[in-house]
Amino acid sequence: DCTMPDRSSLVSDTPTRDDLSQLFGLAPLTDEKAFFESHWQEYEISPDQEEPFEWVLQAHQEAQEAYQQGDLDAAVRLNEEALQVFPEFAESYIHLATIYQKAGAWDKCLETVDRAYENVAEEVPWLHYYKGRALYERKQFNLALIEFLQEVRVSGVSEGVVRWLFQVFADQLDQKRSTNWRVDRRLVECAIFCGFRILKIRFDPKLAGRMCGLWDDLERSGPWTEQVLNQLTGMSRHDFNEFYRSFGSGRTAR
């Protein structure tokens with residue numbers, strides 16, 4: 001089933017831990033590896049388009065080679081020439097967004113992704129991620145969050161996108177802390193959920209310590225159950241207490 005989720009629920013700027021758990025458990029809409037290896041074969045090309053499309057593929061290949069050699073201007077030019085011939089060519093939009101992200105040209109990155117979705121009917125990998133990055137740099141955290149969540153739906157759970165989800169939740173919490181906040185339990189739970197999934201992919205002692213601090217915030221916001229702990233951390237109470245002794249204040253979770 002490739003039906004996109006309801007943006008007001010799974011892909012929302014105010015998700016809950018249940019939303020995240022459901023979203024992370026869905027099969028992604030695309031196979032990222034297969035997309036970059038063979039998606040070009042799926043375009044419907046009429047006989048009179050075959051020769052121009054071969055040129056588009058060649059231009060895109062040359063753009064990738066230019067990028068690898070550090071010639072970003074040539075990579076941009078070749079991709080744009082390819083899109084002039086075949087505006088539906090998703091691979092060139094992705095590559096352009098990659099280039100602009102590397103260059104920190106966030107306005108151009110955002111413009112490229114928006115142009116892609118005017119011309120590309122299907123969901124493809126990375127575009128939501130790059131749009132999220134551009135929006136994050138504009139400090140439009142709620143909009144960036146929607147894009148990062150949508151990238152999970154399209155491409156699946158990866159360390160990169162989960163790290164940016166965590167970063168958005170952490171930044172939103174920092175904003176609230178600066179205004180004599182009451183603990184926002186929803187945000188804390190979302191940050192913990194993402195943080196522990198990052199730790200499962202790649203362990204980081206500094207992040208582990210931060211998770212213990214966020215757990216302190218959670219406890220200040222009210223009671224929790226062992227079921228909640230397991231859903232947020234993937235750990236039993238015993239295992240979490242060992243984790244907290246190692247990276248937190250030395251006490252056990254209450």
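User: How many helices and how many strands are there in the chain, and what makes a run of residues count as one or the other?

Analyst: There are 13 helices and 0 strands in the chain. A helix here is a DSSP run of H or I with at least four residues, and a strand is a run of E with at least two, numbered from the N terminus. Read from that end, the elements run α-α-α-α-α-α-α-α-α-α-α-α-α. The model is predicted, so local features need pLDDT of at least 70 and side-chain atom pairs pLDDT 80 or more, while totals for chains, interfaces and linings use all residues. Residues are numbered from 1 along each chain as its sequence is written, and side-chain values use heavy atoms, with hydrogens and water left out.

User: Why are α3 and α4 called roughly antiparallel?

Analyst: The axis of α3 and that of helix α4 (residues 72-85) cross at roughly 165° and come within 8 Å. Axes are lines fitted to C-alpha atoms, for helices over the stretch in contact, and angles run from 0 to 180 degrees between N-to-C directions. Angles under 35 degrees count as roughly parallel, over 145 as roughly antiparallel, 65 to 115 as roughly perpendicular and the rest as oblique. α3 and α4 are therefore roughly antiparallel to each other.

User: Which residues of α3 and α4 meet, and how do they divide by class?

Analyst: Contact means heavy atoms within 4.5 Å. Among the residues that meet are Trp-55, Val-56 and Ala-59 in α3 and Leu-72, Leu-78 and Val-85 in α4. The contact of α3 with α4 divides into 13 nonpolar, 2 polar and 2 charged residues. Ala, Val, Leu, Ile, Met, Phe, Trp, Tyr, Cys and Pro count as nonpolar, Asp, Glu, Lys and Arg as charged, and the others, Gly among them, as polar.

User: What makes α7 and α9 roughly parallel?

Analyst: Helix α7 (residues 127-137) packs against helix α9 (residues 159-177) at an angle of about 30°, with the axes 11 Å apart. By the cut-offs already given, α7 and α9 are therefore roughly parallel to each other. Tyr-129, Arg-133 and Tyr-136 of α7 make the contact with residues of α9 including Trp-164, Gln-167 and Asp-171. Its residues comprise 5 nonpolar, 2 polar and 2 charged.

User: How do you know that α11 is roughly perpendicular to α13?

Analyst: The axes of helix α11 (residues 205-221) and helix α13 (residues 237-247) cross at roughly 110° and come within 9 Å. That value makes α11 roughly perpendicular to α13. On the α13 side the contact is made by Phe-240, Phe-243, Tyr-244 and Phe-247, and on the α11 side by residues including Met-211, Cys-212 and Trp-215. The contact of α11 with α13 has 9 nonpolar, 1 polar and 1 charged residues.

User: Which elements give two or more residues to the lining of the largest pocket, and what is the volume of this pocket?

Analyst: The largest pocket has a volume of about 310 Å³. Of its 14 lining residues, Phe-36, His-60, Gln-61, Gln-64 and Glu-91 are the closest to the centre. Two or more lining residues come from each of α2 (32-38), α3 (50-68) and α5 (90-103). By class, the lining has 7 nonpolar, 6 polar and 1 charged residues. A pocket is an open set of points on a 1 Å grid over the protein atoms alone where a 1.4 Å probe fits, with protein on both sides within 12 Å along at least five of seven lines, and lining residues have an atom within 4 Å of a point. The volume is the space filled by probe spheres set on the points, which are joined across faces, edges and corners.
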